[in-house]
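Please read the points below alongside the coordinates, with attention to how the helices are packed and paired.

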Amino acid sequence: ELDELCTIARNAGSLGSRLTGAGWGGCSVHLVYQDKVDAVKKALVQAYYARRHPQLSAEQLDSALFATAPGCGACYYDE
C-alpha cells in the first residue's frame, strides 16, 4: 500500500516520495513544491483513501494526511 501512495503522489506532482518508519506500518514522505501540495493531497484522497478507507472521518483523514515544512536539520554544538 505504501508503494501505491508513493506512485499516486509522484503522478500528481511530487518531486520524490519514499517510505520511512518501521514497526508500526511505516509511512510515506513526499517532497512537493508548495503550489502542488493541494493537488497531491487531493490525488491521495481520491485515488487511495476514498477507495481503501472510506470509513475515515475528516478529522481522521487530517491526522493521516498532512503537509509540513522542512526545518533546518540536525546540528552539533561544541562548546
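The numbered points below take up the model itself, the nonpolar core, the first helix and the salt bridges.

1. This is a predicted model, in which local features need pLDDT of at least 70 and side-chain atom pairs count only at pLDDT 80 or more, whereas totals for chains, interfaces and linings use all residues. Residues are numbered from 1 along each chain as its sequence is written, and side-chain values use heavy atoms, with hydrogens and water left out.

2. The largest nonpolar core (buried Ala, Val, Leu, Ile, Met, Phe, Trp, Tyr and Cys residues joined through side-chain atoms within 4.5 Å) has 10 residues, namely L5, I8, A9, V40, A43, L44, Y48, Y49, L61 and L65. At least two residues of this core come from each of α1 (2–12) and α2 (37–52), where helices (H or I, at least four residues) and strands (E, at least two) are DSSP runs numbered from the N terminus. The largest share, five residues, is supplied by α2.

3. Once its neighbours within four places in sequence are left aside, I8 is in contact (heavy atoms within 4.5 Å) with A43, L44, A47 and Y48.

4. Which residues of α1 are buried? They are L5, C6, I8 and A9, with buried meaning under 20% relative accessible area, exposed over 50% and partly exposed in between (1.4 Å probe, protein chains only). These residues cover an arc of only 165 degrees around the axis, which puts them on the same side of α1; the arc is that of the directions from the helix axis to the C-beta atoms. What covers them includes β1 (16–20), β2 (27–31) and α2, while the face of α1 turned away from its buried side carries the exposed residues D3 and N11. After α1 comes G13, whose phi is positive, near 125 degrees.

5. The structure holds two salt bridges, each defined as a side-chain nitrogen of Lys or Arg within 4 Å of a carboxyl oxygen of Asp or Glu. In one of them R51 pairs with E4, the closest N and O atoms being 2.5 Å apart; R51 lies in helix α2 and E4 in helix α1, so the pair ties together parts that are 47 residues apart in sequence. R52 also forms a salt bridge with E4, with the closest N and O atoms 2.9 Å apart, and this pair, again between α2 and α1, ties together parts that are 48 residues apart in sequence.

6. E4, R51 and R52 are thus linked in a network of salt bridges. Within this network, R51 is exposed, with a relative accessible area of 53%, whereas R52 is partly exposed at 38% and E4 is partly exposed at 22%.
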